[in-house]
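The following questions and answers are intended for a first-year student. Please keep the sequence and the model in view while reading them.

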Amino acid sequence: MSNERVIYLPLGGAGEIGMNAYVYGYGKPGKEKLILVDLGVTFPDMDGSPGVDLILPDISWLEKRKNDLEAIYVTHAHEDHVGAIAHYYAQLGAPVYARAFTANIARRKMGEHGHPEKAVKVVEPWPQTVKSGPFTVGFAPISHSIPESSALVIDTPKGRIVHTGDFKIDTNPGVGEPFDHAMFEDIGKDGVLALMCDSTNVFSQHEGRSESTVGPEIEKLVAGAKGMVAATTFASNVARVLTLAEAGERAGRSICLMGRAMRRMVEASIETGVLDHFPTVVSPEDAKNLPRDNVMLIVTGSQGERRAASAQLANGKYQGIKLKEGDLFLFSSKTIPGNERGVIRIMNQFSEIGVDVVDDDAGRYHVSGHANRPDIETMHSLIKPQIVVPMHGEHRHLREHVKICEGKGIRGVLAVNGMMIDLTAKKPNVAEYIETGRTYLDGTVRVGALDGVVRDRIRMAMNGHVTVNVILDEDNESLGDPWCEIKGLAETGTSNAPLIDVLEEDLSQFINRAGKKVLADEDKLDDELRRITRQSANNEIGKKPEVTVIVSRLS
């Protein structure tokens, strides 16, 4: 009897929102041929990953099995699905398949990293398919907040898998394809082994709203505005960018796109035919010479990103343009949990200038790109799978999704990153636990989460830093007193003496008392100097700083 199996292994995106990377395999245990669905990033924050540029999934397990990796399939062009492709292409080397718009974005990334753009291959939508080893894969158009999003129909010798990717049910999205109930019903009609399903909005009880519902509200707001108008949204939400631009155009305003990502997304949409028209845009140089009430800026930075156009405008000026009292700034977006502080900071900066800030306003100017609970249940009904494996959600989202399945008599499997699920077992179970984690892009290098780089940076940020210098001669006698340099610490402590003086005095006393045995022992001397420095600092300022000890020995 054949013992080939179908496995599912999330390396990112299951138990978190972002950094999506899902492995599917078919074959004998340990010898499966593999495909990877999506390879995305997540973004750092100053609390947990200070100074880091991007966070990537740890693909060590996949790299070891790269000879078994047949292909990478990308469902859509959001950064949390496509952002790591170019970073990892050299390690994996597999061909990348995507639809035209997504491929356009992916190819730009590949080119920026010096990889061949032709490695990204364009696939036409379902029913066209691609063969990758034992897998046959098709891109089924699905509505989301970026053009040409697709669910993947993955056929294996042991059954069909439907991987929804990010989706919502929107039959009138404005830009991109409407949700096609009949197509998904047809995909499910001959039986589906497993449905891997978006769980992001599982706690929202009401049906999702169409992108088309925000247009009239935005138009009304822009038409009634005085002074200059600026609006921000996700640059990838091309339908919303078009809605904003058309609202500005109808109000007699010239449109100015600000921020590289905003221009890149509009260019990609036009190049790939996603947009067949877009209002004429003017450059920032031209915009600043026009009457203020004839200008509408559409800018990046809806999540409070410090370097984006919104933050720069809030700081005073960007590309020669300033917002003034009486101008209007619209956030046509939802603030992603964790980004609230950055967004509120920008709102307050605008308020101090006298700019009127309008936010999402209970959904009036924004709708989500993810399926709410009723839409998720509709997908279950259309596909009728034997098994549902929730993905794209935090643990609480995945668990709630499993409960919904169980309530309807569908087998739900809760799988977080690192759980390899055997989908073909009589009762789908965890076949193996794989070590997963995060890799940090720190400047131009990648560091592992366990390498200690970020941990040390957090410790220095919290505790400050002291450098201790000692010089010893050939006989291990001290030449002069130890001296210290401090960073990120109060200069004066409870004794009202300079902190450096207190530390140097305590270290001198130790050096003068220490026996030759201690002074000759590199490790013991380091440990003692570090301990005394931390203890003295704690007594003076209530902080135990990070300490670097430099002992110079004359030979």
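Helices and strands are DSSP runs numbered from the N terminus, a helix (H or I) having at least four residues and a strand (E) at least two. The model discussed here is predicted.

Q: In which loop is Asp 38 found?
A: Asp 38 is a residue other than glycine, yet its phi is positive, near 70°. Its place in the chain is the loop between β4 (33–37) and β5 (54–57).

Q: Which peptide bond is cis, with omega near 20°?
A: The proline of this bond, Pro 127, lies in the loop between β8 (120–122) and β9. The cis bond runs from Trp 126 to Pro 127.

Q: Which strands stand at the edges of the sheet of seven strands, each with a single partner strand?
A: Seven strands form an open sheet of mixed pairing, in the order β9-β10-β11-β12-β13-β19-β21. A strand at the edge has a single partner, so one side of it is left without a neighbour in the sheet. The edge strands are therefore β9 (129–132) and β21 (411–412).

Q: Which residue in β11 is the bridge partner of Thr 136?
A: Strands of a sheet pair through backbone hydrogen bonds, either parallel or antiparallel. Strand β10 (residues 135–141) and strand β11 (residues 150–156) run antiparallel, joined by six bridges. In β11, the partner of Thr 136 is Asp 155.

Q: What angle does the direction of helix α5 make with that of β10?
A: Helix α5 (residues 181–188) packs on the sheet and touches β10, β11, β12 (159–163) and β13 (192–198). The angle between the direction of α5 and that of β10 is about 160°.

Q: At what angle to β13 does helix α12 run?
A: Helix α12 comprises residues 373–383 and lies across β12, β13 and β19 (385–391). Its angle to β13 is about 165°.

Q: How many residues of each class has the contact of α5 with α12?
A: The axes of α5 and α12 come within 7 Å and cross at roughly 50°, which makes α5 oblique to α12. On the side of α5 the contact is made by His 181, Phe 184, Glu 185, Ile 187 and Gly 188, and on the side of α12 by Thr 378, Met 379, Leu 382 and Ile 383. By class, these are one charged, three polar and five nonpolar.

Q: How does α12 lie relative to α13: oblique or parallel?
A: The axes of α12 and helix α13 (residues 395–407) come within 12 Å and cross at roughly 50°. Angles under 35 degrees count as roughly parallel and those over 145 as roughly antiparallel, while 65 to 115 is roughly perpendicular. The crossing angle therefore makes the relation of α12 to α13 oblique.

Q: Which residues in α13 meet those of α12?
A: The crossing of α12 past α13 is right-handed. From α12, the residues involved are Arg 373, Ile 376, Glu 377 and His 380. In α13 they meet Glu 400, His 401, Ile 404 and Cys 405.

Q: Which strands stand at the edges of the sheet of five strands, each with a single partner strand?
A: This second sheet is open, with parallel pairing and the order β15-β16-β14-β17-β18. An edge strand has a single partner, so one of its sides is left without a neighbour in the sheet. The strands in that position are β15 (254–258) and β18 (356–358).

Q: Which residue in β16 stands opposite Ile 255?
A: Five bridges join β15 to strand β16 (residues 295–299), and the two strands run parallel. Opposite Ile 255 in β16 stands Met 296.

Q: What angle does the direction of helix α7 make with that of β16?
A: Helix α7 (residues 238–250) packs on the sheet, where it touches β14 (229–232), β15, β16 and β17 (328–331). The direction of α7 makes with that of β16 an angle of about 170°.

Q: Is the crossing of α6 past α7 left-handed or right-handed?
A: Helix α6 (residues 214–223) packs on α7 at an angle of about 40°, and their axes are 9 Å apart. The crossing of α6 past α7 is right-handed.

Q: How many residues separate Tyr 8 and Tyr 24?
A: The structure holds seven aromatic pairs. One of them joins Tyr 8 and Tyr 24; it is tilted, with 5.5 Å from centre to centre and 45° between the planes. Tyr 8 is in strand β1 (residues 5–12) and Tyr 24 in strand β3 (residues 21–27), so the pair links distant parts of the chain, and the separation is 16 residues.

Terms used. Residues are numbered from 1 along each chain as its sequence is written. This is a predicted model: local features need pLDDT of at least 70, side-chain atom pairs count only at pLDDT 80 or more; totals for chains, interfaces and linings use all residues. Side-chain values use heavy atoms; hydrogens and water are left out. Two strands pair if DSSP finds at least two bridges between them. Contact means heavy atoms within 4.5 Å. Axes are lines fitted to C-alpha atoms, for helices over the stretch in contact, and angles run from 0 to 180 degrees between N-to-C directions. A crossing is left-handed if the near helix is turned anticlockwise from the far one by less than a right angle, and right-handed if clockwise. Rings of Phe, Tyr and Trp (its six-membered ring) pair if their centres lie within 6.5 Å; planes under 30 degrees apart count as stacked, over 60 as edge-to-face and the rest as tilted. Ala, Val, Leu, Ile, Met, Phe, Trp, Tyr, Cys and Pro count as nonpolar, Asp, Glu, Lys and Arg as charged, and the others, Gly among them, as polar.
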